[in-house]
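Hi,

Here is the structure I promised to send over. Have a look at it first, and my notes follow below.

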Amino acid sequence: MAWTKKYLRVNLSSGDIKVEDLNMTWAAEYLGQRGLATRYLVDEIDPTCDALGPDNKLIMTTGPLTGTNASTAGRYSVVCKSPLTGAVACSNSGGYFGNELKTAGYDMIIFEGKSPEPVYLYVEDDTVELRSASEIWGKSVWEADAWLHSAHQDPDLKIAAVGRSAEQGALYAAIVNDLHRAAGRSGVGTVMASKNLKAVAVRGTKGVGNVKDPARFKEAVAAGKKVLADNAVTGQGLPALGTQVLMNVINEVGALPTNNMQTVQFEGAAKISGEAMLEPRKSDGKPNLTRNAGCFACTIACGRVSTIDPTHFSIQDKPQYQGNSGGLEYEAAWALGADTGVDDLDALTFANFVCNEDGLDPISFGATLAAAMEMYEEGVITDEHTGGQALKFGSAEALVWAVEMTAKGEGFGKDLGLGSKRLCEKYGRPELSMTVKGQEFPAYDPRGIQGMGLTYATSNRGACHLRGYTVASEILGIPVKTDPLESDGKADLVKAFQDATAAFDSAGICIFTSFAWTLDDVAPQVDAACDGEWSTERLAEVGERIWNLERHFNQRAGISAAEDKLPKRLVKDAAKVGPATGRVCDLDKMLPEYYKARGWSDDGVVTDEVIQRFNLPA
């Protein structure tokens with residue numbers, strides 16, 4: 001619906017709630033969602049503030065296309081300073097919550113301060129109230145969701161909530177909406193819980209409006225949907241297998257990190273793949289995958305809905321896990337599976353259910369557990385630390401035990417909730433933490449996909465694949481094929497992907513559309529929906545401005561270019577199997593080229609010239 005041009009400001013300390021006008025000058029520069037909310041954050045907090053203190057702010061934000069019938073236009077993001085990294089956090093989620101917030105009449109909600117008691121925010125169009133969450137504090141996301149729906153007697157209420165992991169201070173806790181969609185990375189849920197904010201429940205009935213040129217918008221949206229339908233990835237691969245279509249592919253090219261990134265191929269990959277999710281079980285003849293699912297306005301439907309084998313040990317006497325729920329995506333399957341050496345599909349599915357139920361980022365959890373397993377096998381972590389639970393690579397029992405302990409913040413689960421960096425530091429093996437800026441790696445080994453190494457090292461929110469998914473080019477040939485083992489030219493490729501991704505994220509659409517769309521497909525939709533003229537070139541400029549804004553915030557927060565680095569394992573220890581045999585990541589070669597492409601100084605500082613060119617706040 002383009003911008004509503006209104007947002008909510010909620011002071012949790014005082015209980016005051018205001019409706020304020022959106023800064024349209026900033027909207028013209030940053031578009032919306034990721035970009036616009038970050039601009040507000042930069043203006044309103046001290047970058048050096050305590051991420052879990054009352055001076056940090058939490059912004060739930062939509063894009064101008066959120067709530068329209070543009071494909072995948074149901075996205076929203078959560079922006080704050082991250083407790084995991086100390087850097088800017090922007091975590092993106094799908095489902096239906098973003099649309100509901102938009103149809104209630106708001107582009108954003110800015111939460112500030114800290115409530116003296118647990119509360120939730122109730123929004124029903126113009127009715128906006130803070131209400132007691134005493135009945136649901138200490139409950140899981142699923143329990144809170146059920147209570148809120150019952151209390152309000154409204155099945156159409158859309159809810160985003162935090163679970164027990166966030167309340168217990170796990171530094172990578174997520175905000176879960178619609179039961180199994182999540183703003184999952186960087187600890188945004190931990191920030192929300194630190195403010196004694198349990199949930200946001202929204203009902204919007206105002207509908208879609210404010211589209212600049214409805215007829216032209218309809219044409220642009222139809223054209224975009226056709227491109228998605230005709231594309232092999234968005235029209236066939238993702239609907240059939242979801243992101244799990246990648247498991248066997250990435251393993252075969254020798255870029256599937258295994259056993260805490262000690263190696264690059266996993267013997268059990270086929271057992272936890274998208275194809276495996278379709279195979280009937282012996283116990284009941286049913287597959288792990290029940291069906292695919294789509295978020296609001298999505299024509300791709302990559303989501304998975306799954307069940308666990310009714311005879312599996314993980315769900316005995318646990319009825320809450322015996323029905324359909326959100327199934328494995330590729331990143332979760334990798335982190336819970338290959339990285340921990342576990343090839344038990346049902347154990348992975350159980351762990352994924354628990355991550356949804358209690359709001360844990362499965363990437364950070366799985367990678368942290370993998371680091372713990374390596375330290376256990378080295379004797380650094382012992383049974384005395386774990387209470388007798390062996391933490392061996394490949395142990396499904398260890399995975400199931402660990403996720404439950406971490407979700408509840410009990411015993412060794414409290415240590416796992418620290419994240420890989422702090423866990424490894426605590427036990428004296430910091431070099432075993434596979435992180436950048438304190439955030440755990442996703443599912444692509446940069447020895448086998450060179451561009452992803454540079455992407456990880458320079459990501460503004462710590463190691464992340466969704467800040468510049470060069471896998472599209474290096475493996476899938478989208479929009480052009482580049483050699484994954486070649487580092488030449490990757491600086492420009494990474495920059496182009498990072499800038500374009502920032503624009504996609506700020507429009508309110510899913511980044512998975514970029515498997516088929518370029519900014520040439522996005523621009524006509526934004527231009528028809530929003531005030532002003534929005535060309536491909538302008539969107540690219542917006543994306544570059546956002547990237548520099550985030551970088552500049554991080555520098556003011558004390559994060560220097562010295563943090564643009566990879567663990568020694570990835571730049572010193574060559575891959576021993578697969579096509580990448582003998583290769584390390586050529587980060588030292590790519591990084592200076594990247595700084596030059598960005599127009600930064602030789603030591604990676606955003607220059608005054610760049611600040612002036614993009615009109616960044618000083």
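Salt bridges first: there are 43 of them, counting a side-chain nitrogen of Lys or Arg within 4 Å of a carboxyl oxygen of Asp or Glu. Keep in mind that this is a predicted model, where local features need pLDDT of at least 70 and side-chain atom pairs count only at pLDDT 80 or more, while totals for chains, interfaces and linings use all residues. Residues are numbered from 1 along each chain as its sequence is written, and side-chain values use heavy atoms, with hydrogens and water left out.

The pair I'd look at to begin with is R34 and D505, whose closest N and O atoms are 2.9 Å apart. R34 sits in helix 2 (residues 33-44) and D505 in helix 19, so this salt bridge ties together parts that are 471 residues apart in sequence. Helices here are DSSP runs of H or I with at least four residues, strands are runs of E with at least two, and both are numbered from the N terminus. Both R34 and D505 are buried, meaning under 20% relative accessible area; exposed is over 50% and partly exposed is in between, with a 1.4 Å probe and protein chains only.

R181 and E329 also pair up, at 3.2 Å from N to O. R181 belongs to strand 11 (residues 181-183) and E329 to the loop between strand 15 (325-326) and helix 10 (330-336), so the bridge ties together parts 148 residues apart in sequence. R181 has a relative accessible area of 19%, so it counts as buried; E329 is buried too, at 18%.

D284 and R281 form another salt bridge, at 3.0 Å from N to O. Here D284 is partly exposed, with a relative accessible area of 30%, whereas R281 is buried at 12%. There is also a network of salt bridges that links R9, E20, E44, K57 and E112.

On to the overall layout. The chain is divided into domain 1 (6-203), domain 2 (258-433) and domain 3 (444-613), with bounds that come from an automatic or database domain assignment. The centres of domain 1 and domain 3, taken over C-alpha atoms, are 26 Å apart. Between these two, 34 residues of domain 1 are in contact with 34 residues of domain 3, where contact means heavy atoms within 4.5 Å.

Now the pockets and cavities. On a 1 Å grid over the protein atoms alone, a cavity is a set of points where a 1.4 Å probe fits but cannot get out, and a pocket is an open set with protein on both sides within 12 Å along at least five of seven lines; lining residues have an atom within 4 Å of a point. Points are joined across faces, edges and corners, and a volume is the space filled by probe spheres set on them.

The largest pocket has a volume of about 430 Å³. It is lined by 23 residues, and those closest to its centre are P479, A496, F497, A500 and T518. Helix 19 (490-507), helix 20 (519-529) and helix 21 (536-556) each give two or more residues to the lining, with helix 19 giving the most, at nine. By class, the lining has 15 nonpolar, four polar and four charged residues (nonpolar is Ala, Val, Leu, Ile, Met, Phe, Trp, Tyr, Cys and Pro; charged is Asp, Glu, Lys and Arg; the others, Gly among them, are polar).

P479 is worth a second look: a cis peptide bond joins I478 to P479, with omega about -5°. P479 is in the loop between helix 18 (471-474) and helix 19.

As for cavities, the structure holds two of 30 Å³ or more. The second largest has a volume of about 40 Å³, and its lining has two nonpolar, five polar and three charged residues. Among the residues lining that cavity are K437, R551 and D564.

A few single residues to finish. T513, in the loop between helix 19 and helix 20, is buried at 0% relative accessibility. Leaving out residues up to four places away in sequence, T513 touches S71, T72, L228, I300 and F504. S186 has a positive phi of about 75° although it is not a glycine, and S186 is buried with a relative accessible area of 0%.

Cheers
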